[in-house]
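Subject: Structure handover and notes

Dear colleague,

I am passing on the structure we spoke about, together with my notes on it. Please open it alongside this message, as the notes refer to individual residues.

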Amino acid sequence: MKKSVKIIVEVVLLVAIVGLVYAIYNSITKPVNFNKQLEARKTVAVQRLKDIRTLEVAYKGENNKFTADIDSLIDYYKNGQMSIVMQIGSVDDSLAWEHTQKVKKGLKGKGAEIDNQLKALYEKGDKNLVFSAVTKIPVKDTLFRSREDFCADSLATIPFSGGKPVIMDAVVRMVSGVPVPLFEAKMPYKLLCKGMDNQLRINLDADCRDKNRFEGLQVGSVDTPNNNAGNWE
């Protein structure tokens, strides 16, 4: 009887030891695995926010404002145009430069008006001119052309969130008496970390709040000008 009791005690102790070792191992590896998965998801999310920023800047260049409507931004990429400044001729070409100055004396207007007249003369056959020309080209033929995996429609959602939308906003604020267009795009960790350890995600949010930071990834700000920076930069 005593022998059987001893065996039972030894088995219980062994199970307890194994359980303790597992608990210690799990307490160490769980945060490590969480952080690895978090960094992998952040890489995808940051690239998406950078793409939104690139399109917002291009959109503002044509419309003098940002947009809080991600569908409008996606449509701008698919169907919109952007202005590109092209340099025709070289200022280092002294003969072309002198010829251009002589031609300008017979033109009326200033700045872009003169350039438009020079462009018209250039198109008629005078190729010995130096000027800047603004031309419109499709956005999709300019931005992200080197990205074979780029999908404009994916910009609308937070990755790994099950299709939850990116939180967007855009305003115009007076800064030192000057109207300044601002925008922001946000991806809360609560959505970006869907399916991951919830307690560790709660701890992550708490750490952000302690540092007075948004609990997630954010690019731009509608509260104060920040040169459209991301909070990961």
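The notes below go from the whole chain to salt bridges and then to single residues.

This is a predicted model, in which local features need pLDDT of at least 70 and side-chain atom pairs count only at pLDDT 80 or more, while totals for chains, interfaces and linings use all residues. Residues are numbered from 1 along each chain as its sequence is written, and side-chain values use heavy atoms, with hydrogens and water left out.

**The chain as a whole**

The secondary structure comes to six helices and five strands, where helices (H or I, at least four residues) and strands (E, at least two) are DSSP runs numbered from the N terminus. Read from the N terminus, the order of the elements is α-α-β-α-α-β-β-β-α-α-β.

The radius of gyration of the chain is 29 Å, whereas a compact globule of 233 residues would have one near 17 Å; the radius is taken over C-alpha atoms, and the globule rule is 2.2 Å times the number of residues to the power 0.38. Along the principal axes, the C-alpha trace spans about 120 × 40 × 30 Å.

Of the 233 residues, 32% are buried, with buried meaning under 20% relative accessible area, exposed over 50%, and partly exposed in between (1.4 Å probe, protein chains only). The chain exposes about 14,800 Å², of which carbon and sulfur atoms supply 55%; these areas come from the Shrake-Rupley method with a 1.4 Å probe, and for residues only the protein chains shown count as cover.

Among the contacts (heavy atoms within 4.5 Å) with a separation of 6 or more, 65% are accounted for by residues 24 or more positions apart.

**Charges and salt bridges**

There are 34 positive and 28 negative side chains, and the centres of the two sets lie 5 Å apart. Here Lys and Arg count as positive and Asp and Glu as negative, with His and the chain ends not counted, and the place of a charge is taken as NZ of Lys, CZ of Arg, CG of Asp or CD of Glu.

The count of salt bridges comes to 11, a salt bridge being a side-chain nitrogen of Lys or Arg within 4 Å of a carboxyl oxygen of Asp or Glu. One of them joins the side chains of Glu 62 and Lys 136, at 2.5 Å from N to O. This pair links distant parts of the chain, since Glu 62 is in helix α1 (residues 2-63) and Lys 136 is in strand β2 (residues 131-138), 74 residues apart. Glu 62 is partly exposed at a relative accessible area of 24%, and Lys 136 is partly exposed as well, at 46%.

Another salt bridge, with an N to O distance of 2.5 Å, is formed by Asp 205 and Arg 201, which are four residues apart in helix α6 (residues 198-210) and therefore separated by about one helical turn. Asp 205 is buried, with a relative accessible area of 6%, and Arg 201 counts as buried at 11%.

Asp 207 forms a salt bridge with Lys 211, the closest N and O atoms being 3.3 Å apart. Elsewhere, Asp 51, Arg 147 and Asp 149 are joined into one network by salt bridges that share partners.

**Individual residues**

Two residues in the segment after β5 (216-220) may be useful to look at, Asn 228 and Ser 221. Asn 228 counts as buried at 18% relative accessibility, and, leaving aside neighbours within four places in sequence, its contacts are Arg 53, Val 57, Phe 66, Phe 183, Val 219 and Gly 220. Ser 221 counts as buried at 10%; with the same neighbours-within-four-places exclusion, Ser 221 is in contact with Leu 182, Phe 183, Glu 184 and Asn 226.

Most residues other than glycine have a negative phi. In the loop between β2 and β3 (167-175), however, Phe 144 has a positive phi near 65°, and Phe 160 in that loop has a positive phi near 70°. Phe 144 counts as buried at 12% relative accessibility, whereas Phe 160 counts as partly exposed at 40%.

With best regards
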